[in-house]
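Morning, everyone. I have one structure to walk through today. Let me put it on the screen.

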Amino acid sequence: FKGGDTCEYLLSSGRFLGEKVWQPHSCMMHKYKNSEAKNCLIDKHVVFIGDSRIRQLFYSFIKLINPQVKEEGIKHGNIPFEDKSASIKVDFLWYPEVNGSMRQRIKSWTEGSVAKPHIIVVGAATWSIKIHNGSNEALAQYKINITSIAPLLEKLAISSDVYWVLQDPVYEDMLSESRKMITNEKIDAYNEAAVHILNSSSRNSKAKVKVFSVSKLIAQETIMKSTDGLHLPESSRDTNAMILMNVYCNKIMKPIDGSCCQPQPPLTLIQKIAFCFFTLSIFGYLIISLIHRNNYRKNKSCTDLESGEEKKPAISTPNVSTLEMLLHCFCKLGLIMTYFYLCDRANLFMKENKFYTHSSFFIPIVYILVLGVFYTENTKETKVLNREQTDEWKGWMQLVILIYHISGASTFLPVYMHIRVLVAAYLFQTGYGHFSYFWIKGDFGVYRVCQVLFRLNFLVVVLCIVMDRPYQFYYFVPLVTVWFMIIYATLAVWPQIVQKKANGSCLWHFGLLLKLICLLTCIYFLSYSQGAFEKIFSFWPLSKCFELNGNVYEWWFRWKLDRYVVFHGMLFAFIYLALQKHQMISEGKGDPLFSNRVSNVLLFISIVSFLTYSIWASSCKNKTECNELHPSVSVVQILAFILIRNIPGYVRSVYSSFFAWFGKISLELFICQYHIWLAADTKGILVLIPGYPMFNVLVSTFIFVCVAHEISQITNDLAQIVVPKDNSTLLKRLLCIAGFFSGLHFFSAMQDQSRH
């Protein structure tokens, strides 16, 4: 770790990911859209001074503001550009040599009340080499001229951003005869002179001319594609323009995926309170542990001096109080949250952009598949979707989703569509699991609801506080939480129809189907009535939970994307449990689910359906159109997978303990990846060990999985304390939780007011 100034890294170092994607060293570069560039540069004046290569950079820069601009200006003259809608002025001034004329122009901005440009980009040398035939005298004069200009640039750098662009290398074999004297050796000598002289007299850190040297690195990789050996190909100069935009605009626009040149965000009031709470928890736990240890030592067995026999202690092990267990959990959680903050809020660890290749996604998929098959064991029970099987299903799906995120595979539409099915399958299990529990147990008590809500939301609430993110940012948890409440409301509302009651009369089955039809009607209505949906979730306090960037559109989009799959899960559970009750399926070890003939037909249909969906998803050309069809057709592949996995008895009787282990912590893995495996709120990749991508992934993955496992244990321990079975105690805890959220809302309001 060399320091926190990522601007220096952005301007001086990096590498290509593939052929066109530039990755700065240690930080992420945002790809600015035209609207963003205009917002950043509104009322700004930008000046490019130099030769034809600076003119190229000028054109690439203004195309970020207006892509319709054509390179039609005078080649050896000044070129003005103005965007009146945003009051942006960008000028190119033709000064191909560092001489008295250039000095006079720069000096004019330092005198009197002349308006200074906000950004000045300067660079020239190849004309001096060409005109003077690469003579040493020309180099000496170049040094003298830069020495005279440097103090003026440093004076301008106090109030403006000044960049000196070093000369790019040339492809000597392609140079015309009139340019043969422009050699890379000469260019290096001129660059060395510029770097040595610039800022040599500056004692003020604010008055520094920023040396734009990264262009050299880009040119070294791409100059072979030049048409004349001197000028860069268009993609390379576009990259330089985007770097320039990131250097200036990131600190203004603060894009999530643009960590370069962004200062560390200040701690909010809620984050400070959380820090104090976790610190007190750590000290409290240490004090109680020391007191208990001392008490334990006093009661420890000691040797009788007279008889030489060992006396047995009255107490063999120290008792762990509820308070000590609570503080122990918060102590561990505090240390873990510190790691979260350091990874994704402090400018301590490096972050890099994602870059998708087929190998980066499919090779890890094959690897974990082999591992999963290797750890095959017999199941304890052979029912359809038994606990081990659902854990295995969650596990392999979660691992595939993690690989999808870190490899940036969302840019590849066929992979994206298959991942959407995996997310839908999670929600299918939500509908199946909760419906089965309420239908069989008939337990609609407050304790069950509070336990589920606590386990789902505890980690996300803590992250919202520590990482200063809205609840809706972790979209999957709000999604499963709302669907759980919908399932609960559907079954708990009068008349409560459960399996025990339905066994007495078949009419109750029709009553439940009627409830499910009403639920489907409501889902259908809300999915096609965005206004009604937004009104429901725009009421306080729901708006505090489901708004993102000031509106609930993102929440509506996420909900709508998988709107039917939870209903499908509930319906599947109802049909399966009815078939099971009437002994219409065989779930013995090694037995096929139905008769051999029916099983073979269903298995064939399932395989065909599974492959048909995959072919359709792989042929998708438009993400919007495919997303429209996804809610209705995703259930096809989900049901096909369930039947393929459960119809053959020998397949239903085994499971992968490797995948099942990950399945037990799948929720924690999904949430933790946002900040300690990925970076910049999932937009980039966390870099703990720079320069060694594979080793970095191994180390960060190991820490990430360990942390997710530990948080799962902490959540389970705290659930027993915070959500007790005793109703009177539970009521008191709920009042405390209500007080906690009221305080959180109060401090959040104070925080918002101070920001405005």
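Start with the six-stranded sheet. This is a predicted model, and in it 6 strands make an open sheet. Read across, the order is β4-β5-β3-β6-β7-β8. The pairing is mixed. Now, which strands stand at the edges? They are β4, residues 79–83, and β8, residues 210–212. Each has a single partner strand, so one side of each is left without a neighbour in the sheet. From one strand to the next, the twist averages 15°.

Stay at the β4 edge for a moment. β4 pairs with β5, residues 88–94, in the antiparallel sense. There are 5 bridges between the two. To pick out one pair, E82 has K89 in β5 as its bridge partner. The hairpin of β4 and β5 has 4 residues between the strands. In that hairpin S87 takes a positive phi, near 55°. β4 also has two faces to tell apart. I79, F81 and D83 are on the covered face. P80 and E82 are on the uncovered one.

What lies across this sheet? Helix α9, residues 234–253, lies across β3, β6, β7 and β8. For orientation, β3 is 45–50, β6 is 119–123 and β7 is 161–165. The helix runs at about 160° to β7.

Let me zoom out. The protein has 756 residues. Its secondary structure comes to 29 helices and 13 strands. The C-alpha atoms fill a box of roughly 100 × 85 × 55 Å along the principal axes. Buried residues make up 50% of the protein. Take the contacts with a separation of 6 or more: 77% of them join residues 24 or more positions apart.

Next, the domains. The domain assignment gives domain 1 as 6–253. Domain 2 comes in two pieces, 270–291 + 324–337. Domain 3 is 349–723, and domain 4 is 725–755. Between the centres of domain 2 and domain 4, taken over C-alpha atoms, there are 19 Å.

There is a 3-stranded sheet to show as well. This one is open and antiparallel, in the order β9-β13-β12. The edge strands are β9, at 350–353, and β12, at 678–679. Each of those pairs on one side only. β12 and β13, residues 684–687, run antiparallel and are joined by 2 bridges. There, A679 stands opposite G684 in β13.

On to the cores. In soluble globular proteins, nonpolar side chains tend to be buried together. Here the largest nonpolar core has 136 residues. Which of them touch the most other members? M337, F340, W393, Y474, F476 and I638 do. Helix α14, residues 413–441, gives the largest share of this core, 17 residues. Where does the core sit with respect to the domains? Domain 2 and domain 3 both give residues to it, so it lies between them.

Take I638 as a way in. Beyond its neighbours within four places in sequence, I638 is in contact with W393, V421, A424, A425, F428 and V565. Apart from this core lies another one, of 46 residues. Its members include L10, L57, F58 and V165.

Two polar residues to finish.

First up is Q271, in helix α10, residues 269–298. Is Q271 buried or exposed? Its relative accessibility is 7%, so it counts as buried. What do its side-chain polar atoms meet? The backbone nitrogen of T268 is 2.9 Å from one such atom of Q271. The backbone oxygen of V466 is 2.7 Å from a polar atom of that side chain. Leaving out neighbours within four places in sequence, Q271 is in contact with P266, Y341, I465, V466, M467 and D468.

Then E392, in helix α13, residues 387–407. E392 has 8% relative accessibility, so this one counts as buried too. Its side chain makes a polar contact with the side chain of R645, at 3.1 Å. The backbone nitrogen of S656 lies 2.8 Å from a polar atom of the E392 side chain. Beyond four places in sequence, E392 is in contact with R645, Y655, S656, F659 and A660.

That's my tour. Over to you.

Notes
Residues are numbered from 1 along each chain as its sequence is written. This is a predicted model: local features need pLDDT of at least 70, side-chain atom pairs count only at pLDDT 80 or more; totals for chains, interfaces and linings use all residues. Side-chain values use heavy atoms; hydrogens and water are left out. Two strands pair if DSSP finds at least two bridges between them. Axes are lines fitted to C-alpha atoms, for helices over the stretch in contact, and angles run from 0 to 180 degrees between N-to-C directions. Contact means heavy atoms within 4.5 Å. Buried means under 20% relative accessible area, exposed over 50%, partly exposed in between (1.4 Å probe, protein chains only). A polar contact is a pair of N or O atoms within 3.5 Å; within protein, one must be able to donate a hydrogen and the other to accept it, and residues adjacent in sequence count only if both atoms are side-chain atoms. Domain bounds come from an automatic or database domain assignment. A nonpolar core is a set of buried Ala, Val, Leu, Ile, Met, Phe, Trp, Tyr and Cys residues joined through side-chain atoms within 4.5 Å.
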